[in-house]
Amino acid sequence: MLYSVVIPCYCSSLTIRRVVEMTQEQFRKMDRGEAEFVLVDDCSPDEGKTVRALRSLVKDYDNVRVIELARNAGQHNAVLAALHYTKGDVIIAMDDDMQTRPSEIPKILGKMEEGYDIVYGYYEKKKESRFRSFGSYVNYMTTRILLKKPKSMKTSSFWAIRRYVRDYAIQYPSSFTHLQGVFLRITKNIASVPIQHYEREVGKSGYTFKKLIQLWSNILGFSIVPLHTATVCGYIASALGLILGLYAVIHKIRHPLTTLGWPSLMAAICFFAGLVLLFEGLIGEYIGRIFLGINNNPQFVVRRINEHGRQPYIETPDGSIYVLKSTDGNGEKPEE
């Protein structure tokens, strides 16, 4: 059996070789089959250090393929890019930062042997800040509500899927990718197993607060629950406004000399105006994503593909392959 290991890489020049070599060793210990690696550089802003580290792996190992993206696509889109180039019967996704170790792979594969199509590893104890832990909890509750995720389904970026799941996942066309949403559209035959989460050895997370919000917002592409919520809030606000209006009229009739409060009026106006703008923005977000989808906003743009013993090349969406003349990464041009 062939296993494909996909790893999105972002400023990981100091860790990626160790991750790959430890994973290679783990597969030799398991003696379950062969493994290939599909590594995706998500346009790392580190002056080419990550790209050079990845290309050196291609030179040293014949089972490593490197995909270089022309622009930063985000972790989920980078993983989806890697899935396009996998050949394995089972695909395993890992991080590049050594916080999840290859020694946990047998737990994932062992659970998959029970007949599951997708198996997630989840962290019983996370090595992260309280702020990130709170964000993870918010994301967990949001996906449960919006994606109808089963309560028992605990997730992370360390998972394994069967080939047919991969085949359907790469058909997802939108650039606003949320892999949990994609997988839940394909199958409910999903399990989770506890794995160990290690301290980060080098650097820090590439996720800023803005990027975390952008990733979280991608859930909107898989649910219309927020629109239903807007409708319910509209009904509640209308009913509340009617009740308060009737109360004001009755109170004025019973107490003619009472002066209605200007502050309370302004507070009500600001509250309901803010509510309207909030849901108008929500509807605009949906419309904007429809617009970008119609205009075929790409999930990712592949700049260059590197394989062992082969000249770097570009594969166009129509399947055409252009071999690149130079190998230094600067100013490559297709052969004529």
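Modeller: Before we begin, one definition is required: two strands are said to pair if DSSP finds at least two bridges between them. Please also bear in mind that the model before you is predicted.

Colleague: What is the order of the strands in the open sheet?

Modeller: The open sheet contains 10 strands, and their pairing is mixed. β7 (190-195) and β10 (321-323) stand at its edges; each has a single partner strand, so one side of each lacks a neighbour in the sheet. The twist from one strand to the next averages 25°. Read across the sheet, the order is β7-β5-β6-β4-β1-β2-β3-β8-β9-β10.

Colleague: Which residue in β6 stands opposite Ala93?

Modeller: β4 covers residues 90-93 and β6 covers residues 159-162. These two strands pair in the antiparallel sense over four bridges. Opposite Ala93, in β6, stands Trp159.

Colleague: Which residue in β6 stands opposite Ile118?

Modeller: β6 also pairs with β5, which runs antiparallel to it, through three bridges. The residue of β6 that stands opposite Ile118 is Ile161.

Colleague: Which residue takes a positive phi in the hairpin of β8 and β9?

Modeller: Strands β8 (residues 302-307) and β9 (residues 310-315) run antiparallel and are joined by two bridges. Ile305 stands opposite Tyr313 in β9, and Glu307 has Arg310 as its bridge partner. Two residues lie between the strands of this hairpin, and the residue with a positive phi, near 70°, is Gly309.

Colleague: Which residue of β10 stands opposite Glu315?

Modeller: β9 is joined to β10 by three bridges, and the two strands run antiparallel. Within β10, the residue opposite Glu315 is Ile321.

Colleague: At about what angle to β1 does helix α3 run?

Modeller: Helix α3 spans residues 75-83. It lies across β1 (2-9), β2 (34-41), β3 (64-69), β4 and β6. Its angle to β1 is about 145°.

Colleague: How many residues of α3 are buried?

Modeller: Buried means under 20% relative accessible area. The residues of α3 that meet this condition are His76, Asn77, Ala78, Val79, Leu80, Ala81, Ala82 and Leu83. The helix has nine residues and is therefore largely enclosed by the rest of the structure, the buried count being eight.

Colleague: Which residues make the nonpolar surface patch?

Modeller: One member of the patch, Ile250, is placed in helix α9 (residues 225-254). Ile250 counts as partly exposed because its relative accessibility is 49%, which lies between the limits of 20% and 50%. In general, helix residues three or four places apart point the same way. The patch has an area of about 310 Å² and is made by Leu242, Leu246 and Ile250.

Colleague: How far apart are the closest N and O atoms of Lys111 and Glu114?

Modeller: Side chains of opposite charge can pair when their charged atoms come close. Lys111 counts as partly exposed, at 22% relative accessibility, whereas Glu114 counts as exposed, at 55%. The two residues form a salt bridge, and their closest N and O atoms are separated by 3.4 Å.

Colleague: How many residues apart are Asp117 and Arg162?

Modeller: Asp117 is buried, with a relative accessible area of 13%, while Arg162 is partly exposed, with 28%. Their side chains meet in a salt bridge of 3.6 Å, N to O. This pair links distant parts of the chain, since Asp117 is in the loop between α4 and β5 and Arg162 is in strand β6; along the chain they are apart by 45 residues.

Colleague: Is Glu307 buried or exposed?

Modeller: Glu307 has a relative accessible area of 18%. The limit to apply is 20%, under which a residue is classed as buried. Because its value falls under that limit, Glu307 is buried.

Colleague: Which residues do salt bridges that share partners join into one network?

Modeller: Arg310 is partly exposed, with a relative accessible area of 39%. Its side chain meets that of Glu307 in a salt bridge of 3.7 Å, N to O. Salt bridges with shared partners join this pair to further residues, and the one network consists of Glu36, Arg65, Glu307 and Arg310.

Colleague: To how many salt bridges does the count come?

Modeller: The rule asks for a side-chain nitrogen of Lys or Arg within 4 Å of a carboxyl oxygen of Asp or Glu. Among the pairs discussed, Arg310 and Glu307 satisfy it at 3.7 Å. By this rule, the number of salt bridges is 15.

Key: Residues are numbered from 1 along each chain as its sequence is written. This is a predicted model: local features need pLDDT of at least 70, side-chain atom pairs count only at pLDDT 80 or more; totals for chains, interfaces and linings use all residues. Side-chain values use heavy atoms; hydrogens and water are left out. Axes are lines fitted to C-alpha atoms, for helices over the stretch in contact, and angles run from 0 to 180 degrees between N-to-C directions. Contact means heavy atoms within 4.5 Å. Patches are made of residues with over 30% relative accessible area and no salt bridge: like charges are joined within 9 Å, nonpolar side chains (Val, Leu, Ile, Met, Phe, Trp, Tyr) within 5 Å. Accessible areas come from the Shrake-Rupley method with a 1.4 Å probe; for residues, only the protein chains shown count as cover. Buried means under 20% relative accessible area, exposed over 50%, partly exposed in between (1.4 Å probe, protein chains only).
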